[in-house]
Amino acid sequence: MARNPYTGLCLQRYANAEALVTAIGAASSSVLATAMLQGAVFQLYSAYLMHLRDIATTCSVSTPADICSARQLLDVLSDLDKVPAEASEMDALVENRGSWLGRCVAVYGALLEGAEPQSVQVSHGGIDVRQENDVVLPITLHEVRSWLDAMDELLERHSALMFEY
């Protein structure tokens, strides 16, 4: 069996997101912290895509690089008469907008589409400056950390289950 490159890519993107979240504590500027938080969301979303492709590769999908959503993965696997629990769980999480993954995917989409711009207040040497047209989403460092924890748990669990294939 050929080596699955998506496993390593998923873990790399997860590690990138984790590094950004860890570095936010050292960020002195609220603009820098916002950029790093948004970067972590992009990395987590990328880890999600790589994990979908990892599942597709494990299930012998001929073109795993074409997989761009959990729903698409389920459709492709259904055509092959394979629907592993991992793919079903990913789809259920994304479809539930209240779940950690549903929220992460929604925030990623809002960032990509350019959510409603709001002004951001930045302090430069004690002078408050308003930065217009910067995207501010209602996400917190705590929330993104919880997404990282949930993704870590999911990857460990799925890795153990996919090892059985």
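Let's start where helix 4 meets helix 5 (residues 100–113): their axes come within 6 Å and cross at roughly 65°. This crossing is right-handed. On the helix 4 side, the contact is made by Met-90, Leu-93 and Val-94, and on the helix 5 side by Trp-100, Leu-101, Gly-102 and Val-105. Sorted by class, the contact has six nonpolar residues, one polar residue and no charged residues. Please keep in mind as we go that this is a predicted model.

With that pair in view, let's step back to the whole chain. Its secondary structure comes to six helices and two strands. Read from the N terminus, the order is α-α-α-α-α-β-β-α, which puts the two strands between the fifth helix and the last one. The chain has 165 residues, and 42% of them count as buried. What share of the contacts between residues at least 6 apart in sequence joins residues at least 24 apart? The share is 57%. As for the outside, the accessible surface comes to about 8,900 Å², and carbon and sulfur atoms account for 54% of that area.

Now for the beginning of the chain. Helix 1 (residues 5–24) packs against helix 2 (residues 30–58) at an angle of about 165°, and their axes lie 8 Å apart. Angles over 145 degrees count as roughly antiparallel, and helix 1 and helix 2 are therefore roughly antiparallel to each other. Their crossing is left-handed. The contact of helix 1 with helix 2 brings together 16 nonpolar, seven polar and three charged residues.

Moving along, we reach another helix pair. Helix 3 (residues 70–79) packs against helix 4 (residues 85–95) at an angle of about 145°, with 8 Å between the axes. Helix 3 passes helix 4 in a left-handed crossing. Helix 3 contributes Ala-70, Arg-71, Leu-73, Leu-74 and Leu-77 to the contact, while helix 4 contributes Ala-87, Ser-88, Met-90, Asp-91 and Val-94. Seven of these contact residues are nonpolar, one is polar and two are charged. Met-90 and Val-94 may look familiar: they take part in the contact of helix 4 with helix 3, and they also appear in the contact of helix 4 with helix 5.

A good residue to click on next is Tyr-48, which lies in helix 2. Is Tyr-48 buried or exposed? Its relative accessibility is 3%, and the cut-off for buried is under 20%, so Tyr-48 counts as buried. Which residues does Tyr-48 touch, leaving aside those up to four places away in sequence? They are Ser-69, Ala-70, Met-90, Val-94, Leu-101, Val-105 and Met-151. Several of these names come from the helix pairs above: Ala-70 belongs to the helix 3 side of its contact with helix 4, and Leu-101 and Val-105 belong to the helix 5 side of its contact with helix 4. Along the chain, Val-105 is 57 residues from Tyr-48, yet their C-alpha atoms are separated by 8.9 Å.

Another partner of Tyr-48, Ser-69, sits in the loop between helix 2 and helix 3. Ser-69 is partly exposed, with a relative accessible area of 25%. Apart from residues up to four places away in sequence, Ser-69 touches Tyr-48, Leu-49 and Leu-52. The C-alpha atoms of Ser-69 and Tyr-48 are 8.9 Å apart, with the two residues 21 places apart along the chain.

Over in helix 5 we find Ala-106, which is partly exposed, with a relative accessible area of 32%. Ala-106 and Tyr-45 are 61 residues apart in sequence, and 9.9 Å separates them in space, C-alpha to C-alpha.

Finally, a look at backbone geometry in two loops. Most residues other than glycine have a negative phi. Ser-60, however, has a positive phi of about 65° although it is not a glycine. Ser-60 is in the loop between helix 2 and helix 3, and at 52% relative accessibility it counts as exposed. Asp-81 is not a glycine either, and its phi is positive, at about 55°. Asp-81 lies in the loop between helix 3 and helix 4 and, at 72% relative accessibility, counts as exposed.

Notes. Residues numbered from 1 in each chain as written. Predicted model: local features only at pLDDT ≥ 70, side-chain atom pairs only at ≥ 80, totals over all residues. Heavy atoms only, no water. Helix = DSSP H or I, 4+ residues; strand = E, 2+ residues; numbered from the N terminus. Buried < 20%, exposed > 50% of the residue type's maximum accessible area, 1.4 Å probe, protein only. Contact = heavy atoms within 4.5 Å. Areas by Shrake-Rupley, 256 points an atom, 1.4 Å probe, with all protein chains shown as cover. Axes fitted to C-alpha atoms, helices over the stretch in contact; angles between N-to-C directions. Left-handed = near helix turned anticlockwise from the far one by under 90°. Nonpolar A, V, L, I, M, F, W, Y, C, P; charged D, E, K, R; others polar. Parallel < 35°, antiparallel > 145°, perpendicular 65-115°, else oblique.
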